[in-house]
Amino acid sequence: MLLATNRCLNPGNFKNGVGDEGGFGEEVNAKGPTELRFARVTRPQAGWRLALVPEPAILDPENLPSKGEFARLAKRCIAANKHCVFYIHGYNKPFAETLEQAWLIQERYGVEVVLFSWPSNTGGPPPVEYRQARRVAQASFGALDSLLEKFGRYFKDWMTPLDESALLACGSTTNLLAHSLGSYLLEHYVLSSAYQAETRLFTNVVLSQADVNSVNHIKWVDQVVVAQRTYATINEKDKVLSWSESINPPRLGKTLANLESKRALYFDFTGGKGVGNKHQLWGEVKNDAVKEFFQLVLSGERGEKAPGFRFDPQVNAYRIR
């Protein structure tokens, strides 16, 4: 698994460039919120193993750390015939938990994951911490912009025709999963002047239980440039978004109102077997229809093909049976 993060580095946790889940902290990088560090993540039986990607003293377009890592990522996808998922996590997630979530996605859906881990666990009483986390999310979109710009540039300028044809031949796709407050981070990126349609590299963009305003969400969701489709998931009983609505307007991931996008497809999981009040639908729910939906969209396929859903024109959403 490839990690890209704007969290602060804990140098004392690494020995010869190798450390564990204590390698990154809960504050932004000392050089600023747009500063990215990369690490290769594995999970031996003893726990997490993070290998920092070395950074040259002088950076130029030929020696960027991301260049070699994205090349390795592409080769892994080709060799194993796998899809790739960029994952942006949500609020109140310590660094180790973001590793857990990304690893779960990788293992459950058989994909390669690029984890964008941002410092969303700022500490303090929940309402204060939540507002601070939102400010950090707003400040972190520059790091996401840098990550996607590098990834897109690599495939455009650096990938050899042989590698490109091999990647296309194996049918590998790249998809984005933005969960909870991760969608808020994405929103501010899309609305910023930095956004130059970098999301076009994704076959599917999935807004999972988005902790964003439902009213007028189309003002940014319809600006997301994507190769194929944008999806938004809904659970009206979502316990985490219920708390969010105690201090916010109705959340996109928790209401069937205002589903007005001409580009996004809405999927309502409310009342599905095992869904209950869960927030992390892709990881917590044991339901074949739910798993199949995420398997499809994270593999570049149409979520509409998942069995167990029917389209309800009255609310403009696919609803679980």
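Begin by selecting L3 in this predicted model, and look across to β5, where A39 stands opposite L3. Widening the selection to the two strands that hold this pair shows that β1 and β5, the latter spanning residues 37–42, are joined by four bridges and pair in the antiparallel sense.

Next, turn to the other neighbour of β1 and select β8. Strand β1, residues 2–5, and strand β8, residues 112–117, run parallel and are likewise joined by four bridges. To find one of the contacts along this pairing, select L2, whose bridge partner in β8 is V114. With the side chains of β1 displayed, L2 and A4 can be seen pointing one way from the strand, while L3 and T5 point the other way, and all of these residues are buried.

Now show the sheet as a whole. It is an open sheet of 12 strands with mixed pairing, and reading across it gives the order β3-β6-β5-β1-β8-β7-β9-β10-β11-β12-β14-β13. At its edges, select β3, residues 18–19, and β13, residues 309–312, each of which pairs on one side only.

Leave the sheet for helix α9 and select residues 288–297, among which A289, V290, F293, F294, L296 and V297 are the buried ones. These buried residues lie on the same side of α9, because they cover an arc of only 160 degrees around its axis. At the N-terminal end of this helix, add N287 to the selection: N287 caps α9, with a side-chain oxygen placed 2.8 Å from the backbone nitrogen of A289.

The last stop is the second largest pocket, which holds about 280 Å³ of space. A practical way in is to select Y91, K93, H179, V240 and H279, which are the closest to the centre of the pocket among the 18 residues that line it.

Which helices should be coloured to follow the lining of this pocket, each supplying at least two residues? They are α3, residues 126–158, and α7, residues 239–244; of the contributions to the lining, that of α7 is the most, with four residues. Colouring the lining by residue class then gives eight polar, five nonpolar and five charged residues around the second largest pocket.

Methods
Residues numbered from 1 in each chain as written. Predicted model: local features only at pLDDT ≥ 70, side-chain atom pairs only at ≥ 80, totals over all residues. Heavy atoms only, no water. Buried < 20%, exposed > 50% of the residue type's maximum accessible area, 1.4 Å probe, protein only. Arc of directions from axis to C-beta. Polar contact = N/O pair within 3.5 Å; in protein donor to acceptor, adjacent residues only side chain to side chain. 1 Å grid on protein atoms, 1.4 Å probe; cavity = no way out; pocket = protein on both sides within 12 Å on 5 of 7 lines; lining within 4 Å. Points joined across faces, edges and corners; volume = space filled by probe spheres on them. Nonpolar A, V, L, I, M, F, W, Y, C, P; charged D, E, K, R; others polar. Pairing = 2+ DSSP bridges.
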